[in-house]
There are 2 protein chains.
Amino acid sequence: MSAELKVELGKRSYPIIIGSGLLDEVGRLCREALPARTALVVTDTNVGPLYAERVRDSLTRRDFETTLHTVPAGETSKSRERLFEIYDAALDARLDRRSLIVALGGGVVGDLAGFAAATFLRGIAYVQVPTTLLAMVDSSVGGKTGINLPQGKNLVGAFHQPRAVVADLHTLATLPTREYRAGLAEVVKYGVIRDADLFAELENHAAEILDRNDQLLEKIIRRCCAVKADVVASDERESGLRAILNFGHTLGHALENLEGYGKLLHGEAVALGMVYAALLSEKITGLPHTDTIRLAALLRSLGLLEPIPPRPWPEIAARMNLDKKVARGRPHFVLAEKIGRVRPGHPLADHLLEDTWHSLETLLKGGADVGGK
Amino acid sequence: MSAELKVELGKRSYPIIIGSGLLDEVGRLCREALPARTALVVTDTNVGPLYAERVRDSLTRRDFETTLHTVPAGETSKSRERLFEIYDAALDARLDRRSLIVALGGGVVGDLAGFAAATFLRGIAYVQVPTTLLAMVDSSVGGKTGINLPQGKNLVGAFHQPRAVVADLHTLATLPTREYRAGLAEVVKYGVIRDADLFAELENHAAEILDRNDQLLEKIIRRCCAVKADVVASDERESGLRAILNFGHTLGHALENLEGYGKLLHGEAVALGMVYAALLSEKITGLPHTDTIRLAALLRSLGLLEPIPPRPWPEIAARMNLDKKVARGRPHFVLAEKIGRVRPGHPLADHLLEDTWHSLETLLKGGADVGGK
């Protein structure tokens with residue numbers, strides 16, 4: 001069983017296939033997408049031992065000549081060193097312009113291998129095979145690829161759409177609990193920005209979701225991907241609407257960066273950033289405080305919103321100013337109008353940002369009722 | 001006085017402005033192209049001392065905040081080290097998504113700075129200000145950007161169109177003789193692939209061209225850019241027609257790589273490669289031998305076609321097989337049907353390639369009459 005969506009981008013359109021047991025179908029799905037002869041499978045030290053052979057076998061059955069390249073698991077692999085090792089592997093494997101890169105893993109592998117595909121020989125084809133919840137609902141769809149610099153995340157990259165996204169739900173079974181929960185933060189995000197029904201469903205089924213119920217997950221992932229595909233189709237290169245996908249990410253990226261990658265997971269940071277954005281929204285768009293409370297409560301029920309070590313505000317403000325989304329030198333925030341609707345791109349006054357940071361700190365320490373009416 | 005052409009690529013269309021004294025107009029022309037506030041001017045140690053201040057002044061007059069970044073002159077700067085130094089410079093200069101990179105220099109600076117622009121923050125705007133003949137007629141137009149790997153040239157890169165190309169003919173006055181002559185090889189190429197009248201004009205005015213007559217040069221550069229703009233507009237990403245621009249480049253790249261970059265200049269290698277391609281064409285397309293003779297004679301009259309150190313064929317064959325244009329493992333050759341018309345993409349038998357290499361060696365040693373009827 002599998003569900004298929006499509007990202008509509010004219011000649012660069014591609015399918016998102018979501019289902020159980022799809023790892024064995026990767027070869028067939030790649031073969032449907034393109035006539036490549038050679039494929040480089042890029043994975044990491046966590047995912048490779050579990051799934052790489054199945055994917056390679058599946059590719060071999062469809063006449064791909066495959067080579068495996070494994071990078072260390074973790075965010076630090078989104079580096080120039082690992083990138084150039086992929087180029088070397090691609091040359092050793094004799095990839096040419098008609099070849100294919102298969103990104104088998106989470107967001108790190110997808111971003112890194114996708115950027116290698118975007119730039120090797122000025123761009124070759126790649127297919128995303130996401131194995132984490134975060135990658136399935138977010139990073140594998142939409143063609144954003146890139147690496148980090150010591151100065152910040154994703155500062156170098158390219159928009160390069162995959163030829164297909166193949167999400168096998170079975171791979172979620174082996175995902176560590178903490179990483180699975182962090183992925184749910186992005187799921188919640190889709191509810192806030194575009195899909196109030198999804199948000200309500202998450203509220204009603206938090207326990208089953210934490211239990212990784214396959215059927216429920218397929219439905220939820222499909223809805224997230226549908227929102228993402230729709231947003232990407234209308235604004236591929238993030239000149240407008242696509243910015244709404246960054247809800248919670250302005251503070252999120254800054255915290256992730258300050259705490260150190262891997263210490264605070266991306267989703268954990270985004271969860272904090274979303275509540276922060278909601279608190280800001282109350283003051284600017286008039287988001288009802290009850291919506292902020294619902295958001296914080298849902299995130300808590302999913303095991304997110306752990307308090308973080310206290311940090312002086314100027315450190316955080318400085319880090320947000322380094323964000324690449326800073327246009328004309330000021331950080332912008334996606335703000336919610338209500339659960340299910342947001343608007344992009346607000347620069348806000350410094351004192352407001354600082355006050356709201358303290359509200360967030362209080363909320364994390366206390367209950368969900370801070371700043372209430 | 002300046003002439004303006006346009007590369008027609010829909011929303012990504014841009015002008016090519018060719019004229020004398022345009023360095024002082026860079027600010028105005030950039031301002032017409034985009035509303036950026038911050039600009040990073042990338043240049044090299046040869047060009048920077050001559051022209052960087054004029055370009056920066058011109059940008060400042062149009063309210064750009066500029067920072068200068070200088071890389072060592074020469075092909076070795078198309079490296080990952082220099083690339084990541086540009087990212088650092090861009091961050092130090094606080095470039096954001098609306099900022100601009102100005103590539104002031106020859107093909108190396110254009111390719112390197114263009115690739116930095118293609119990938120910094122997933123792509124920002126850039127303007128090409130070519131200061132060599134080669135860059136004016138070839139590398140600055142068409143959006144090919146990239147760096148070299150130790151394994152070969154341009155193995156990493158992106159298609160990223162500039163917002164404008166500004167070619168100031170005055171900068172050619174300071175170009176070393178050898179580099180100027182090497183640039184003429186690409187000019188001759190346009191004659192062979194698309195413009196028999198241009199080819200005849202070059203034959204008739206070789207001496208004035210070597211004297212760098214401004215008026216003649218403007219006319220010639222304009223014609224070369226018109227061919228390039230037309231070819232790029234119909235095949236931006238080199239899936240077909242654009243390959244004709246690689247006439248002479250399959251062997252050319254291999255020789256350049258074997259001799260060592262800087263020892264044999266790109267244009268010098270392409271000159272050899274074009275005669276080689278013409279000799280191959282005689283056998284496949286029936287190109288008249290007199291056309292090969294005309295080509296060799298024109299290149300000689302422009303100071304090109306110097307003999308190179310003898311090399312065993314297997315070395316050259318192996319290097320051609322590493323070329324990124326190698327589809328399904330075999331090198332392809334653009335072949336001429338007559339002066340002014342070529343066809344792309346021929347894979348050829350090994351013995352033919354080897355025999356023709358020996359014909360080229362003989363031709364270089366002897367006169368232009370080798371292999372004749």
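**Notebook: loops, helix pairs and the A/B contact**

I started at B:Leu322, which touches B:Gln151 and B:Gly152 when residues up to four places away in sequence are left out. Contact here is C-beta to C-beta within 7 Å, with the C-beta atoms placed from the backbone. Before going on, a note to self: this is a predicted model, where local features need pLDDT of at least 70, side-chain atom pairs count only at pLDDT 80 or more, and totals for chains, interfaces and linings use all residues. Residues are numbered from 1 along each chain as its sequence is written, while chains are lettered from A and ligands numbered from 1 in the order in which they are written.

**B:Leu322, continued**

I placed B:Leu322 in the loop between H13 and strand S10 (332-338) of chain B. Helices (H or I, at least four residues) and strands (E, at least two) are DSSP runs numbered from the N terminus. Is B:Leu322 buried, exposed or partly exposed? I get partly exposed, because 17 other C-beta atoms lie within 10 Å. The cut-offs are 20 or more other C-beta atoms within 10 Å for buried, 12 or fewer for exposed, and partly exposed in between, again with C-beta atoms placed from the backbone. I also checked B:Leu322 against B:Ala33: they are 289 residues apart in sequence and 39 Å apart in space, C-alpha to C-alpha.

**B:Leu302**

Next I looked up B:Leu302, in the loop between helix H12 (289-301) and helix H13 (313-321) of chain B. B:Leu302 counts as buried, because it has 24 C-beta neighbours inside 10 Å. Leaving out residues up to four places away in sequence, I find B:Leu302 touching B:Arg181, B:Leu184, B:Ala206 and B:Leu210. From B:Leu302 to B:Thr45 I get 27 Å, C-alpha to C-alpha, with their places 257 residues apart in sequence.

**Asp63 in both chains**

I went looking for positive phi outside glycine and noted A:Asp63, with phi near 70 degrees. A:Asp63 is in the loop between helix H2 (48-61) and strand S4 (65-71) of chain A. A:Asp63 is exposed, because it has 11 other C-beta atoms within 10 Å. Then I turned to chain B: phi of B:Asp63 is near 70 degrees too, a positive value in a residue other than glycine. The loop holding B:Asp63 runs between helix H2 (48-61) and strand S4 (65-71) of chain B. B:Asp63 has 11 other C-beta atoms within 10 Å, so I put it down as exposed.

**H11 and H12**

In chain A, I have the axes of helix H11 (residues 266-284) and helix H12 (residues 289-301) coming within 9 Å and crossing at roughly 175 degrees. So H11(A) is roughly antiparallel to H12(A). Axes are lines fitted to C-alpha atoms, for helices over the stretch in contact, and angles run from 0 to 180 degrees between N-to-C directions. Under 35 degrees is roughly parallel, over 145 roughly antiparallel, 65 to 115 roughly perpendicular, and the rest oblique. On the H11(A) side I listed A:Ala271, A:Met274, A:Val275, A:Ala278, A:Leu279 and A:Glu282, meeting A:His289, A:Asp291, A:Thr292, A:Leu295, A:Ala296 and A:Leu299 of H12(A). That contact divides into 8 nonpolar, 2 polar and 2 charged residues. The classes are Ala, Val, Leu, Ile, Met, Phe, Trp, Tyr, Cys and Pro as nonpolar, Asp, Glu, Lys and Arg as charged, and the others, Gly among them, as polar.

In chain B, helix H11 (residues 266-284) packs on H12(B) at about 175 degrees, with the axes 9 Å apart. H11(B) is therefore roughly antiparallel to H12(B).

**H6 and H7 of chain A**

Helix H6 (residues 177-194) and helix H7 (residues 196-204) of chain A have axes within 6 Å, crossing at roughly 135 degrees. So I call H6(A) oblique to H7(A). From H6(A), A:Val187, A:Val188, A:Tyr190, A:Gly191 and A:Val192 meet A:Ala196, A:Leu198, A:Phe199 and A:Leu202 of H7(A). I get 8 nonpolar, 1 polar and no charged residues in this contact.

**Where A meets B**

Last, the chain contact: 29 residues come from chain A and 29 residues from chain B. On chain A's side, helix H3 (80-92), helix H4 (107-119), strand S7 (144-149) and strand S8 (152-159) each supply at least two residues. S8(A) gives the largest share of that side, 5 residues. By class I have 13 nonpolar, 6 polar and 10 charged residues on the side of chain A that touches chain B.

Technical notes
Contact = placed C-beta atoms within 7 Å.
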